[in-house]
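Biologist: I am new to this structure and would be grateful for a close look at a single part of it. Please start from one pair of residues and follow the connections outward, explaining each step as you go.

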Amino acid sequence: MKINLVTHRTLKCCICKKNGASIGCVAPRCKRSYHFPCGLQRECIFQFTGNFASFCWNHRPVQITSNNYKESLPCTICLEFIQPIPSYNVLRSPCCKNAWFHRDCLQVQAINAGVFFFRCTICNNSDIFQKEMLRMGIHIPEKDASWELEENAYQELLQHHEHCDVRRCRCKEGRDYNAPDSKWEIKLCQCCGSSGTHLACSSLRSWEQNWECLECRGIIYNSGEFRKAKKHVLPNSNNVGITDCLLEESSPKLPRQSPGSQSKDLLRQGSKFRRNVSTLLIELGFQIKKKTKRLYINKANIWNSALDGFRNKNFNPLYAIEVAYVIENDNFGSEQPGSKQEFLSLLMQHLENSSLFEGSLSKNLSLNSQALKENLYYEAGKMVAISLVHGGPSPGFFSKTLFNCLVYGPENTQPILDDVSDFDVAQIIIRINTTTTVADLKSVVNECSNYLEFIGCLRLITTLSDKYMLVKDILVYHVIQRVQEPFESFKQGLKALGVLEKIQAYPEAFCSILCHKPDSLSAKILSDLFTVHTLPDVKALGFWNSYLQAVEDGKSTTTMEDILIFATGCSSIPPAGFKPTPSIECLHMDFPVGNKCSNCLAIPITNTYKEFQENMDFAIRNTLRLEKEKNSHYIGH
């Protein structure tokens, strides 16, 4: 940088015309002098290296490129698009042909990164990159990066995760207790390092034994590194009262987050939508072969006809299913094409109301010796698996206790009072739990001694707190141990098509469809669900949308579920979606027609909306009423 030490007070700035221009252009025969701020404003270049040369706007160094770019390219720092033509404000990387920058973006990055971390944002080259940027007037301070100078910037890296994160921690000292070289030593997940467990809480024999948290195990399972999902052990805890019988949610993580937990969060966020239950079932459906197997179903006896079809030696759940309804009272034994999704929907309805399950809304397995002898629990589990993978509805009536037994094992599940459907047993539990003195407790136990002795739960009462363990023992026996054989049989059936493995790998996703009924339908959901494949009648489609809104507002005798059943045979959208996609066509006729095999709804073209609504209500209401009267005698039998 040429500085006029003697005459700078009298030299005038060629930009602002004021005295004190101490900097001059180093180009030979160039007489321009200027102030530093004025030079920056006039786009002069000041090199902060070597002799600290300064160049005026006419003699400043330029970058030469042989490529002619027709389209704009993003600045690789701020990502705003710029015209890729070298200029004072636009610079090109010397090591990456397609890397362009704003001068201001580069200068800010250089000041923050310092000489040790300032490099090309694309290839990480520092030597060539810094040399060129210094030539083009970028100031690179000789200092450490700003993020390295921040106090305690990496303090969290020094923190070690010491917390038991399993659902049910057995350590009486708490989840944060860590005793090395004992069964209460905390072992971290070998994949993410941000979840831990006491050795005893996950039945680990030694610290050297590998352990993965539930989230990482699901990711590993999906990657195909192992085929079978392991159980997530939830050890029992002592002195659990009746109000504490629900399985607790996954314990909250500590407020801090280590880099391992951040990595795991990214994995979970990245797979959150890919791994929803719909996607999981569609993936399971990929194993279905093109070869078809026809099932002959009698709607008047759907359970037995389904059993006959599934037990047929030629039936394979990997084959695509076709349904043919056998027409009753037909001397010729004729048949008509049936809807697979309607059949599976009726089958799940029958299963929900069958004697294989007990309970009102949330159901557990019952103890039916005849069904056990006929292996019906196994068939029920296989039916659920087939329905889920072949595009049918989900059960939606499993209790949380039954679901937890399937995922975590009966030995790690604690039932609750709502699981008891037997009125007498429920009364015994309530009486025991509501006692307030040891004398009252002993009195109740003496009254029920025969029952307690029969189920192996009779115990010596010494303190009032003994009632909690007694209640726990009764619940475990009645809900779990009593139906151990039916449960194992049902579980084996659910393994069909790999469904149980997926449930154990992704319990949160499957809990939403196995333990809960689908959300209510709305006018928007149905409007979006049905697509128009043929050239529509605009007026009829307008009537259709108005009709859906009227049904939602309660201004019609039908419901949203009635419309869906009329068109597809299902009262809700299956978890894996409809196949084929429901569609609408407008036809010149008096009443609507639903084709459940193709999920097609033909709506009438009418002159007025009133006529449209009356015809829709009449056809849907009466069609469903006749079908219900025809089939009602077999539901629940």
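**A strand pair and the salt bridges beyond it**

Modeller: The bridge partner of Tyr296 in β13 is Ala324. Please keep in mind throughout that the model is predicted. The strands in question are β12 and β13, the latter made of residues 319–326; they run parallel and are joined by 7 bridges. As a general point, the strands of a sheet pair through backbone hydrogen bonds, and this pairing may be parallel or antiparallel.

The wider setting of this pair is an open sheet of 3 strands, in the order β12-β13-β14, and its pairing is mixed. Its edges are formed by β12, covering residues 289–297, and β14, covering residues 335–338, each of which pairs on one side only. On average, neighbouring strands of this sheet are turned by 35 degrees against each other, if direction is ignored.

From the sheet, we may turn to the charged residues. What joins Glu342 to Lys299? The link is a salt bridge, in which the closest N and O atoms are 3.2 Å apart. This pair connects distant parts of the chain: Lys299 belongs to the loop between β12 and α8 (302–311), Glu342 belongs to helix α9 (residues 340–352), and 43 residues separate them. Are these two partners buried or exposed? Glu342 has a relative accessibility of 6%, so it counts as buried. Lys299 is also buried, because its relative accessible area is 17% and the limit for burial is under 20%. The connection extends to a third residue, since Lys299, Glu342 and Lys596 are linked in a network of salt bridges. In total, the structure holds 13 salt bridges.

Helix α8 leads to another of these contacts. Arg311 forms a salt bridge with Glu379, and their closest N and O atoms lie 3.3 Å apart. Here too, distant parts of the chain are linked: Arg311 is in helix α8 and Glu379 is in helix α11 (residues 376–389), at a separation of 68 residues. How do the two partners stand with regard to the surface? Arg311 is partly exposed, with a relative accessible area of 42%, a value that falls between the 20% and 50% limits. Glu379, by contrast, counts as buried, because its relative accessibility is 5%.

Just before helix α11 there is a feature of the backbone. Asn375, in the loop between α10 (369–373) and α11, has a positive phi of about 60 degrees although it is not a glycine. Why is this worth pointing out? Most residues other than glycine have a negative phi. Asn375 is partly exposed, at a relative accessible area of 36%.

Returning to helix α9, we find a further salt bridge. Lys517 and Glu352 are its partners, with the closest N and O atoms 3.0 Å apart. Lys517 lies in the loop between α19 (507–514) and α20 (523–529), whereas Glu352 lies in helix α9, so the pair ties together parts that are 165 residues apart in sequence. Lys517 is partly exposed, with a relative accessible area of 45%. Glu352 has a relative accessibility of 17% and therefore counts as buried.

To retrace the path: the bridge between Tyr296 and Ala324 belongs to our starting point, the parallel pairing of β12 with β13. The loop that follows β12 holds Lys299, whose partner Glu342 is in helix α9. Helix α9 also holds Glu352, the partner of Lys517. Helix α8, in turn, holds Arg311, which is linked to Glu379 in helix α11.

Definitions and conventions: Residues numbered from 1 in each chain as written. Predicted model: local features only at pLDDT ≥ 70, side-chain atom pairs only at ≥ 80, totals over all residues. Heavy atoms only, no water. Pairing = 2+ DSSP bridges. Helix = DSSP H or I, 4+ residues; strand = E, 2+ residues; numbered from the N terminus. Axes fitted to C-alpha atoms, helices over the stretch in contact; angles between N-to-C directions. Salt bridge = Lys/Arg side-chain N within 4 Å of Asp/Glu carboxyl O. Buried < 20%, exposed > 50% of the residue type's maximum accessible area, 1.4 Å probe, protein only.
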